[in-house]
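Notebook open, model loaded. I'm going through this one from the charges to the strands and jotting things down as I look them up.

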Amino acid sequence: QVQLVESGGGLVQAGGSLRLSCAASGSFVSISVMNWYRQAPGKQRELVATITAGGSTHYVDFVEGRFTVSRDSAKNTMYLQMNSLKPEDTAVYFCYATVLNRLGLSRQFWGQGTQVTVSS
């Protein structure tokens with residue numbers, strides 16, 4: 001079993017910054033793609049950013065230039081640096097990872113989420 005634990009959320013004023021972390025633990029061989037998603041109240045969960053095992057990144061338009069995703073493979077941890085936060089960034093942020101287990105199978109896991117609230 002694999003656990004993904006997010007941390008770093010909180011309340012911040014518009015224009016401020018937060019850094020989220022997602023730490024993976026459990027029994028696995030490696031982690032390939034890792035993603036950040038978010039879900040605002042009453043809305044569907046949406047992709048925010050993606051990072052591959054090789055470090056390639058992808059961002060959705062509404063965070064491009066403001067958010068930066070990174071990972072420390074040695075620590076099995078992914079980060080999301082969020083700058084110039086806006087009230088519309090308020091949401092629960094989730095980590096999602098594709099993990100290779102010891103049987104050679106890829107499985108996907110979600111974290112429990114961390115709340116980010118941006119006040120105007």
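**Charges and overall picture**

I started with the charges: I count 10 positive and 7 negative side chains, with the centres of the two sets 8 Å apart. Note to self: this is a predicted model.

Next I pulled the surface. The protein has about 6200 Å² of accessible surface, and carbon and sulfur atoms account for 49% of that. Of its 120 residues, 42% come out as buried.

Then the dimensions. The radius of gyration is 14 Å, which agrees with the value near 14 Å that a compact globule of 120 residues would have. Along the principal axes, the C-alpha atoms fill a box of roughly 50 × 25 × 25 Å.

I looked up contacts too. Taking those between residues at least 6 apart in sequence, 54% link residues at least 24 apart.

**Strands**

For secondary structure I get eleven strands and zero helices, so the pattern along the sequence is simply β-β-β-β-β-β-β-β-β-β-β.

I went to strand 11 (residues 114–119) and checked where its side chains go. Thr114, Val116 and Val118 point to one face and are buried, while Gln115, Thr117 and Ser119 point to the other face and are not buried. That fits the textbook rule: in a regular strand, side chains alternate between the two faces of the sheet.

What does strand 11 pair with? Strand 2 (residues 10–13) runs parallel to strand 11, with four bridges joining the two. In that pairing I found Gly10 opposite Val116. Strand 9 also pairs with strand 11, but antiparallel, through three bridges. There, Val92 has Gln115 as its bridge partner.

**Two hairpins**

I moved on to strand 4 (residues 30–39) and strand 5 (residues 46–51). They run antiparallel and are joined by five bridges; Tyr37 and Leu47 are bridge partners. Six residues sit between the strands of this hairpin, and Gly42 takes a positive phi near 75 degrees.

Strand 5 carries on into a hairpin with strand 6 (residues 57–59), antiparallel, with three bridges. I noted Ile51 and Thr57 as bridge partners. This hairpin has five residues between its strands, and Gly55 in the turn has a positive phi of about 95 degrees.

**Positive phi outside glycine**

Which residues other than glycine did I note with a positive phi? Asn76 has phi near 50 degrees, and Ser84 has phi near 50 degrees as well.

Asn76 belongs to the loop between strand 7 (67–72) and strand 8 (77–82). Its relative accessibility is 27%, so I log Asn76 as partly exposed. Ser84 is in the loop between strand 8 and strand 9 (91–100). At 40% relative accessible area, Ser84 is partly exposed too.

**Arg19**

My last stop was Arg19, in strand 3 (residues 18–26). Is it buried or exposed? Neither label fits: with a relative accessible area of 46%, Arg19 is partly exposed, given that exposed would need over 50% and buried under 20%.

Which residues does Arg19 touch beyond its neighbours within four places in sequence? I listed Ser7, Gly8, Tyr79, Leu80 and Gln81. I checked the Gln81 pair by backbone as well: the two C-alpha atoms are separated by 4.4 Å, though Arg19 and Gln81 are 62 residues apart along the chain.

Key
Residues are numbered from 1 along each chain as its sequence is written. This is a predicted model: local features need pLDDT of at least 70, side-chain atom pairs count only at pLDDT 80 or more; totals for chains, interfaces and linings use all residues. Side-chain values use heavy atoms; hydrogens and water are left out. The radius of gyration is taken over C-alpha atoms; the globule rule is 2.2 Å times the number of residues to the power 0.38. Buried means under 20% relative accessible area, exposed over 50%, partly exposed in between (1.4 Å probe, protein chains only). Contact means heavy atoms within 4.5 Å. Accessible areas come from the Shrake-Rupley method with a 1.4 Å probe; for residues, only the protein chains shown count as cover. Lys and Arg count as positive and Asp and Glu as negative; His and the chain ends are not counted. The place of a charge is taken as NZ of Lys, CZ of Arg, CG of Asp or CD of Glu. Two strands pair if DSSP finds at least two bridges between them.
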